[in-house]
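Me: Please take a close look at one part of this predicted model. I would like a connected account of a single strand and its surroundings, with other parts brought in afterwards for context.

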Amino acid sequence: MTAGADPAVTVDTPLTRLVGVRHPVVQTGMGWVAGSRLVGATAQAGGLGILASATMTFDELAAAITETKRRTDRPFGVNLRADAEDADRRVDLLIDHGVRVASFALAPRREQIAKLKDHGILVIPSVGAVRHAEKVASWGADAVVVQGGEGGGHTGSVATTVLLPSVVDAVDIPVVAAGGFFDGRGLAAALSYGAAGIAMGTRFLLTAESTVPEEVKRRYLERDVSGTVVTDRVDGMPHRVLRTELVERLESSGRFAGAVRALRNAVRFRALTGLSPIAMVREGLAMKRGNDLTWGQVLMAANTPMLLRSGLVDGRTDTGVLASGQVVGAVDDLPTVAELVDGVVADAAAVLRANADLVLRPA
Ligand SMILES: Cc1cc2nc3c(=O)[nH]c(=O)nc-3n(C[C@H](O)[C@H](O)[C@H](O)COP(=O)(O)O)c2cc1C
């Protein structure tokens, strides 16, 4: 990254114009990681920061939005789970607070998009397939984040280099590229594919303002590009995480032992978020309907938040799961968010200018 990058440099794209941010750089809504500190720092640095709310209770989310507004008067977003039991109440909360962007991990419902848009909130869902991008675009989404298989957390199998141009060709709303980005070359490359910006998870997790415990950040920094694995043993869905002893144990343990552990953790998470057993079953039913999951997958999905919390908040690398993109192997420092964003944008601008010089004009 460019040291002492010029913060005056920027790259103007349909994303910056749509959202009203200075730079086409998004910090994604990572559960247990993207709180008000990280989001406030990203907004102040001129990027779009997104609060992760799937791992927050309703009251915690309300407090996080208030705290983020205290830290910045610039636009920011909130990542919602469209299938959460209280999703509609959370949508109302965003409306009450005039939050600029609603991001969704799974495709939002048509009515949710319409309601948010009626109240002037931009809807930018994350998608992992062309058909999902087409669906949310036809329902009125303002932009999409498309995540390729190298990305951290829940992820698909198609690489960004193949998925991104397919989505750019398929929809006529701004497309933000995610999965595998960490520097200015990546931003320049994404813009060359026709994207309107980049969204980064792992790179923002590894910054000074990220609240992940320092010893856990060090565990990430030690990894090379083969240090992650995609496993469905955490929650039944493909999930890219650091390859740790725990993950290797989960991979080799029987399905029954996994289900028992999942149930125990699910109950713990519900206790933490104050959900009653009836609410839990109702949420499970909604999840099952919304995502076409088996009961086994629903049970395991409820398990994920506890495993991530143990690693990313409590610093228990022995009992916790550490979601991460492959890009972890390309990251070896912990810059401030401002250094990161300024460096990415300045380097992208330099690459774009240098590439323009490659084009030969007839004499
Ligand atoms: C620790 C971690 C937690 C994540 N949690 C969520 C989440 O709660 N909701 C969501 O939509 N995506 C989540 N993701 C995915 C990111 O938002 C983002 O799409 C992904 O990290 C992009 O790939 P990258 O890591 O290569 O930048 C998470 C990713 C990580 C690394």
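Reply: Strand E5, helix H6 (residues 130-138) and strand E6 form a β-α-β unit that is right-handed. The model is a predicted one. Within this unit, E5 and E6 (residues 144-147) run parallel and are joined by 2 bridges. Ser126 has Val145 in E6 as its bridge partner.

E5 also belongs to a second unit of this kind: E4, helix H5 (residues 110-118) and E5 make a right-handed β-α-β unit. Here strand E4 (residues 101-104) runs parallel to E5, and 4 bridges join the two. Opposite Phe104 stands Pro125 in E5. E5 is thus bridged to E4 and to E6.

The strand itself, spanning residues 122-127, is mostly covered, with 5 of its 6 residues buried.

The surroundings of this region include an enclosed space. The structure holds 1 cavity of 30 Å³ or more, and the volume of the largest cavity is about 30 Å³. Ile124 is one of the residues that line the largest cavity, and Val145 is another. Val145 is also the residue in E6 that is bridged to Ser126. The rest of the lining consists of Leu15, Val26, Leu48, Ile50 and Val176. By residue class, the lining of the largest cavity comprises 7 nonpolar residues, with no polar and no charged ones.

Leu48 and Ile50 of that lining lead to strand E2 (48-52), which is followed by a loop that reaches helix H3 (58-71) and contains Ser53. Ser53 counts as buried because its relative accessibility is 1%, where the cut-off for buried is under 20%. Leaving aside neighbours within four places in sequence, the contacts of Ser53 are Leu61, Val78, Asn79, Leu80 and Arg90.

A separate topic is the antiparallel pairing found elsewhere in the model. An open sheet of 3 strands has the order E7-E11-E10, and its pairing is antiparallel. Strand E7 (153-154) and strand E10 (228-231) stand at the edges; each has a single partner strand, so one side of each is left without a neighbour in the sheet. E10 pairs with strand E11 (residues 239-242) over 4 bridges in the antiparallel sense. In that pairing, Val241 in E11 stands opposite Val229.

To return to the strand in question, E5 takes part in a right-handed β-α-β unit with E4 and H5 and in another with H6 and E6, and 5 of its 6 residues are buried.

Methods
Residues numbered from 1 in each chain as written. Predicted model: local features only at pLDDT ≥ 70, side-chain atom pairs only at ≥ 80, totals over all residues. Heavy atoms only, no water. Buried < 20%, exposed > 50% of the residue type's maximum accessible area, 1.4 Å probe, protein only. Pairing = 2+ DSSP bridges. Right-handed = clockwise from strand over helix to strand, strands pointing away. 1 Å grid on protein atoms, 1.4 Å probe; cavity = no way out; pocket = protein on both sides within 12 Å on 5 of 7 lines; lining within 4 Å. Points joined across faces, edges and corners; volume = space filled by probe spheres on them. Nonpolar A, V, L, I, M, F, W, Y, C, P; charged D, E, K, R; others polar. Contact = heavy atoms within 4.5 Å.
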